[in-house]
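Trainee: I have a model open on my screen and would like some help reading it. Could we go through it together, step by step?

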Amino acid sequence: MPAEDRAPREVVSFVRRGERLSPGRQDAWDRLAATYVLDPPRGERDTLPGPDARLDLEQVFGRRSELVVEVGSGLGENLAAAAAEHPERDHLGVEVYRPGLAQTLRRIERAGEPGNVRLLPLDAQRALPALLPEGAISQLWVYFPDPWPKSRHHKRRLINPPFLDAVLPLLADGATFRLATDWAQYAHHMRSLLDARPELELLYPDGPAPGQQTSDTVPEDLPATGWAPRFEGRVKTSFESKGQRAGRLVWDLAYVRVSRHRTTDA
Ligand SMILES: C[S@@+](CC[C@H](N)C(=O)[O-])C[C@H]1O[C@@H](n2cnc3c(N)ncnc32)[C@H](O)[C@@H]1O
């Protein structure tokens, strides 16, 4: 087929790395995946939901409660800890990396197998708007998303307009959207996009930057204020530790979803 007739390849924010599981992770998968890993009908790829797939939250969790969604839950440090700490909320981790999901199952087991956590093994950008109704999410977390530092890869960053268009309608009025990154350039990119969204307001407009000394390059026009304190309960992950060992600062961001009346009245 001539190159110009081929459909352009979709830009995704992840790479499929080794999917093989170590014996310990395979064992956890075999015992726990049926309970914790959701398995909606798939579409044209195994990371995409089928056209009629929906998540019935009441059926999934056996109740309707405040829903916390973590996109790119990685090895599950935050998800498992938060679910165990907050039995009153429901927690959904969205992650495409199977070894990460299996490791999360091990953490869920060690946390006493809380019943208020589930994993969705799909591409969050495509799956969440297809599976969840508008306003379903009370808290959205994106911690240490892949930085894609090269300019030619910036379009692969998770925090980009297509992802925001997909997830912001899912936030309930007053919902919080928390992010963290150890890359000053990505923090700048996040602030430029998120500060400009009429659906969002900074939770800490006067919050200071996390410090002065960092081993990476800080863009000159990086805002001096508007930064969040470290979110209480945010567990240090291996990705955060790696950034700190490399001498980079951690930039926390927090927004609140403004009331829909206000955005439509404005
Ligand atoms: C750098 S890791 C950080 C993991 C974790 N949040 C932490 O702090 O340790 C980013 C993760 O996001 C996942 N990811 C990237 N894009 C995704 C997407 N569109 N949907 C679901 N997961 C995604 C990757 O597979 C990867 O595990």
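Mentor: Happy to! A molecule sits in a pocket if more than half of its atoms lie within 2 Å of the grid points of that pocket. This is a predicted model, and here the ligand sits in the largest pocket.

Trainee: Which residues are the closest to the ligand?

Mentor: A residue is counted when one of its heavy atoms lies within 4 Å of the molecule. In this model, 19 residues surround the ligand, and the closest are Ser13, Gly72, Glu95, Asp123 and Tyr143. By type, the shell divides into 10 nonpolar, four polar and five charged residues.

Trainee: What polar contacts does the ligand have with side chains of the protein?

Mentor: Look for pairs of N or O atoms within 3.5 Å. Ser13 has a side-chain N or O atom 2.7 Å from a nitrogen atom of the ligand. Oxygen atoms of the ligand come into play too: one is 2.6 Å from a polar side-chain atom of Glu95, and Thr237 places a polar side-chain atom 3.0 Å from a ligand oxygen. On its own the ligand has 600 Å² of accessible area, and the protein covers 97% of that.

Trainee: How many salt bridges does the structure hold?

Mentor: The cut-off is 4 Å between a side-chain nitrogen of Lys or Arg and a carboxyl oxygen of Asp or Glu. The structure holds 19 salt bridges. One of them joins Arg63 and Asp90, with the closest N and O atoms 2.7 Å apart.

Trainee: What does the pair tie together?

Mentor: Arg63 lies in the loop between helix H2 and strand S1, while Asp90 belongs to strand S2, so the salt bridge ties together parts 27 residues apart in sequence.

Notes:
Residues are numbered from 1 along each chain as its sequence is written. This is a predicted model: local features need pLDDT of at least 70, side-chain atom pairs count only at pLDDT 80 or more; totals for chains, interfaces and linings use all residues. Side-chain values use heavy atoms; hydrogens and water are left out. A polar contact is a pair of N or O atoms within 3.5 Å; within protein, one must be able to donate a hydrogen and the other to accept it, and residues adjacent in sequence count only if both atoms are side-chain atoms. Accessible areas come from the Shrake-Rupley method with a 1.4 Å probe; for residues, only the protein chains shown count as cover. On a 1 Å grid over the protein atoms alone, a cavity is a set of points where a 1.4 Å probe fits but cannot get out, and a pocket is an open set with protein on both sides within 12 Å along at least five of seven lines; lining residues have an atom within 4 Å of a point. Ala, Val, Leu, Ile, Met, Phe, Trp, Tyr, Cys and Pro count as nonpolar, Asp, Glu, Lys and Arg as charged, and the others, Gly among them, as polar. Helices (H or I, at least four residues) and strands (E, at least two) are DSSP runs, numbered from the N terminus.
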